[in-house]
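Got your viewer open? Here's a short tour of what to select, stop by stop.

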Amino acid sequence: MAADTIEERINRLHAQGIVDLHFDLLIDLYEKRNQPGELTSHFLPEFEAGDVGVMGVAIYVEDRYLPELGLRVALDQIARLYAEVEQTDRFAICKTFAEITRARAANKIALLVTMEGVEPLGEDLNLLRVFYELGVRMVGLTHARRNAAGSGGIFAPTGSPRDGLTAFGREVVRECERLGIIVDLAHINPRGFEEIIDLTTKPVIISHTNVRKFYDIERNINDEQIKAIGQRGGVIGINAILVSPNPEESTLDRYIDHIEHVIGLIGINGVAIGFDFCEYLFEQLPPGVREELATKLTTPHFIPDLTNHSHGRNLTRKLIERGFSDEDIEKILRGNWMRILEELL
Ligand SMILES: [Zn+2]
């Protein structure tokens, strides 16, 4: 009886679809460009099982393509997304909040194209306009590496480059605000973070990150940074792959500890989800590349019952068990991101 009640409650909380603003979908569609149909055959069942309503899908260019092929691979990733979406009536690539609302009303999954690291732009600001026209509506300047815009935070407690944004990086931020592209502070190093806060006037967001209280690396964010986001009416999406440096502490409960920590500092309106599910990508890597990645970045510890979108209900069940109200769960799963999208798109 009690279990039925919880499942019904999850159904109600998921009825309008959950919103996850960071998923590295486009790398996979690009790498499997010779196996069309991947979006419908592999990902759609997972998205449907987890009741995904809106998703940010990231352009990301791996080191091996840089610098020469950065632009080309990024354009090909977008092309693959459009081609895959055309195969089905279950998705819509959305450029405005009204398009997201329409897609949801038609029971389609709304996709927002995002960019993780501006390597595809080289140092040409004009290309940002081109990507905007192609649908890019959220941009994070860097991944963990340095590029023409700035430097990422490293996967260690100290030692990230101390310099902030370059002149080009500052131009990208200003142009994003002018065009209506959401600036994403995920990955940027601490100095770059401060500069983006100073340069921008609109609410600022972090699509996917974790709190340093539980995983103390400069890729994640400290309490001062959380408060800075809160003061600007922004939102922080909690990442599911860096919840703890210890595998045994990489649990759903620890994921929710990150949510509670943000709420404790800036309130319920400042937290959402940015799962960053990438176990499937990790598993596809040859062992040598996996080791190289572990040395350069870190070994992610995946949460066993939260590794892909089909596990979305596990999170909601755990939030209920931890005593969150329906109103608060709705904000975490959907409402806070929707507020930001309505305000900024
Ligand atoms: Zn990332």
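We'll go from a metal site to a pair of helices and then to a single side chain, keeping in mind that this is a predicted model.

Start with the zinc ion. Show Glu 116, His 187 and His 208 as sticks: these are its protein donors, through OE of the glutamate and NE2 of each histidine, at 2.0 to 2.1 Å. Along the sequence, the donors follow the spacing E-x70-H-x20-H. His 187 sits in the loop between β6 (182-184) and α8, while His 208 belongs to strand β7 (residues 205-209), so this pair ties together parts that are 21 residues apart in sequence. Switch on a surface and check the two histidines: buried or exposed? Both His 187 and His 208 are buried.

Next, select α7 (residues 167-179) and α8 (residues 190-199). Their axes come within 10 Å and cross at roughly 40°, which makes α7 oblique to α8. The crossing is right-handed. To see the contact, pick Arg 170, Val 173, Arg 174 and Glu 177 on α7, then Glu 195, Ile 196 and Leu 199 on α8. Colour that set by class and you get four charged residues, three nonpolar and no polar ones.

Last stop: Ile 217, in the loop between β7 and α9 (223-231). Ile 217 has a relative accessible area of 5%, so it counts as buried. What does Ile 217 touch, leaving out residues up to four places away in sequence? Select Ile 154, Phe 155, Ala 156, Pro 157, Arg 212 and Leu 242. For a sense of scale, draw a C-alpha to C-alpha line from Ile 217 to Val 73: they're 30 Å apart in space and 144 residues apart in sequence.

How values were computed: Residues are numbered from 1 along each chain as its sequence is written. This is a predicted model: local features need pLDDT of at least 70, side-chain atom pairs count only at pLDDT 80 or more; totals for chains, interfaces and linings use all residues. Side-chain values use heavy atoms; hydrogens and water are left out. Axes are lines fitted to C-alpha atoms, for helices over the stretch in contact, and angles run from 0 to 180 degrees between N-to-C directions. Helices (H or I, at least four residues) and strands (E, at least two) are DSSP runs, numbered from the N terminus. Angles under 35 degrees count as roughly parallel, over 145 as roughly antiparallel, 65 to 115 as roughly perpendicular and the rest as oblique. A crossing is left-handed if the near helix is turned anticlockwise from the far one by less than a right angle, and right-handed if clockwise. Contact means heavy atoms within 4.5 Å. Ala, Val, Leu, Ile, Met, Phe, Trp, Tyr, Cys and Pro count as nonpolar, Asp, Glu, Lys and Arg as charged, and the others, Gly among them, as polar. Donors are N, O and S atoms within 2.8 Å of the metal (3.2 Å for Na, K and Ca); water is not among the atoms, so sites may look incomplete. Buried means under 20% relative accessible area, exposed over 50%, partly exposed in between (1.4 Å probe, protein chains only).
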